[in-house]
Amino acid sequence: MLGSRRLLALALAWLILATACGHEQPLEISQDLIAEFPWAETWGEIHDVDFGSARGRRYLLSGWSVDEWDRAKKSNFVWGVGEESVLELEIPRPRDLMLKVRCRPAPGIRGQRVDVVLNGHHLDGFGLRNRLAVYQVSIDGEWLRAGVNELRFRYADHRPGGDGAGGDPRPLAVAWYELSLQAEGAEASAEPRLLSESDALSIPSGTRVEYYLRLAPESVLQVEGVDLRGENASTLEVSLQEDGESSARPVGILKRSKRPRRLELGGEHSRVVRLILEVPVTEDRTSEDSGLILRAPTIRVPSSRPTTSPSDRQSTQEAANEPRPNILLYLIDTLRADHLGIYGYPRPVSPQIDAFAADATVFDDAVAQSSWTRASMASIFTSLWPLQHGTNRRGDVLPPEAVTLAELLKDAGYQTVAFAKNQNVFPTFGFSQGFEDFNAIWAKGKSHKINTKVEKWLGTYSGDRPFFLYVHTVDPHVPYGPPAAFKEQFAKRSNDDLTLKRPPGPEIWKDLESEQQERILGHLLDLYDGEIAYNDSTFGSLMEMLREHSLYEDTVIVLLSDHGEEFQDHGNWQHGRNLFVENLHVPLVIRFPGMGHGVRVEQRVQHVDLMPTLLDYLGLDVPEFVEGSSFLDFVAHPEMPGDEPLRSVYSFLHLDGLPNVSVLEGDWKLVQNLSKGEIAWTNLFNRADDPGETRNRVPERPILASYLATLIAKRRGERSRLTAGEAVLDERMEEALEALGYIN
Ligand SMILES: [Zn+2]
């Protein structure tokens, strides 16, 4: 049939390609399909559902919680939530089967009962014992259909759970651990799986594996060999689908082979695809013991040319022998980038920052790793993204095992001093690690008071050692109350009768007339701008102070925010509630002595990049564990086109309830909201034509959305590097956090 001819043509094409450019362009592995297999989707007869694992998740349609962990049983599981939970199971060959499940009732529910409904037919249900136990339900082959079957578990009872601090508001019914479908007598597995001992992928007849991948140009699929699973000849059909294509396009077939085989996947540009590896059922038989085994399947690309390291990086290294420069990290809390002149804001709120930026490097696209202070600051100070540093919830403490920027700089001979006004980074929460002198500022007052303290300290600074000075101001944070002169300038148009310094609560807000809402929104934005303008003026004063002390020129000055602020952009106020652009796009301006003055960097950078960048600049070793990477090359060579592979940038929020995760790659951003106990929604945004992230594009780009969701699933599946400690809060700390809006 068409198969052998196509194979011949492909083999010829490969011979030609290999002789033409084989020498200059050897292939290197870009994706190992064995390593990627846990994140691929397999389709074939379902045998087991491991509830609470990434692989188990895709069978779950509705009525399920996020993946949970049972500490006592050391097992993952998923809650059945609400009145019923629905699964989809693929069964190519209907026949009598036995359904086995392992589960337990939710806490507080006695006499729970589960009714089982298959494709609309009621099967036998079962009553639950008050502990984890196994139940069986027999399935008559008549009720099954070849292909996808719908299985429903209906619960007699559900109620809010009592687990964890403060109770669990979700209507929990049953905790599910495992499900299996077994036929009479033993049968060979008919699901694609890894043969771990041999680095091989087994694909039985009638099944397929689907990978969501980003393919580089000129990618090829390579296997080291193709073996038969049984006696019967089988063929592997390889096809690709991109968004916008109604069905997958065949790209070639592979048959039994003792030698390596390659299939060209084509493409001139990097693209996201669904790669389908399918072994169809042979026409004459449906043998359970047929199919193919792919040995070491990989995606390969032409080897990249060795990159020559830019020449003037050398000078940075040499500079390591000279006295190291001072470092000032000036962090303005809650400052969204688009409210500064350098990022296009029309109101004159930031003359000082704008002037400073003209003499420094401005990063157009800096991404916060989280949308609240503690999680973001932990990322800035450890170069770990939030799931790795684990410091994400209200009581979390950055643990002593964390290796922080301050510790590394102290070890390198720096005098480390902090002046911080946000309680979230106070010693209680582990952020004084590495600081010889951590000034936690409790007193009321704005950034000029911090300046007074810094000025006093500068008067005592001997210059024996370079300093690392961390200044953390909170002027733009609620309550929005700029000093009179700034209120006069920026909030004058506000009506005098509005005295609000904080957004109204949701109950009040929703009942207001839209005109009233507009007024309040305008008023709060004006006050916010007044606060920014005020903090801008004190930043300018601090720069002046450095000049007076002859420290300005030789100090690396970093201006950064921990997160932005929302003004109803996505139906919320303040921050720490979601991961949209108004919360994650932060200002970043750095003045490196002797480089990058007047430069704008378009490439995307993120919080975790700051630490390796500073270490790189100072010629200090960058620890292996860091997750960020130095962006110094962007500063030194802003004209160089960014031909590096696309980077995935992740942000995470787990302040209240359940997690939010986002990933940015190129122009696309996927946000998953898990706040309703399951993946409540997934939003895909195109930042090129929708910078405000308002239009969900999942329906038009399902393959891209699945690919980005796979990236998130991989990151969420990693074991975290640190485990947060738990803070004991005294009354003063509780009150302070409440004033910041962090304790409800
Ligand atoms: Zn903050």
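Two exercises with worked solutions follow, on a predicted model of a protein chain.

**Exercise 1.** Find where the pLDDT falls below 50, and state how many contacts those stretches make beyond near neighbours in sequence.

*Solution.*
Step 1. Start with the whole chain: its mean pLDDT is 88, and 89% of residues reach 70 or more.
Step 2. Residues 15-24 have pLDDT below 50, and beyond near neighbours in sequence they have zero contacts in the model.
Step 3. Residues 307-315 also fall below 50. Beyond near neighbours in sequence, the stretch 307-315 has five contacts in the model.
Step 4. Where pLDDT is low, predicted coordinates should not be read in detail.

**Exercise 2.** Describe the largest nonpolar core and work out which domains it lies between.

*Solution.*
Step 1. Take the background: 42% of the 744 residues count as buried, and the chain has 16 helices and 43 strands.
Step 2. The largest nonpolar core holds 147 residues; Y330, V471, V558, V589 and L614 touch the most other members.
Step 3. Helix α11, residues 514-548, contributes the most to this core, namely 11 residues.
Step 4. Domain 1 (22-37 + 190-302) and domain 3 (313-487 + 555-739) both supply residues, so the core lies between them.
Step 5. Look at Y330 in particular. Neighbours within four places in sequence aside, Y330 is in contact with V471, F539, I557, V558 and L559.
Step 6. Keep the second core apart: this separate set has 31 residues, including I46, V49, C103 and W176.

Notes
Residues are numbered from 1 along each chain as its sequence is written. This is a predicted model: local features need pLDDT of at least 70, side-chain atom pairs count only at pLDDT 80 or more; totals for chains, interfaces and linings use all residues. pLDDT is the predictor's confidence in each residue, from 0 to 100. Two residues are in contact if their C-beta atoms, placed from the backbone, lie within 7 Å. Helices (H or I, at least four residues) and strands (E, at least two) are DSSP runs, numbered from the N terminus. A residue is buried if 20 or more other C-beta atoms lie within 10 Å of its own, exposed if 12 or fewer, and partly exposed in between; C-beta atoms are placed from the backbone. A nonpolar core is a set of buried Ala, Val, Leu, Ile, Met, Phe, Trp, Tyr and Cys residues joined through C-beta atoms within 7 Å. Domain bounds come from an automatic or database domain assignment.
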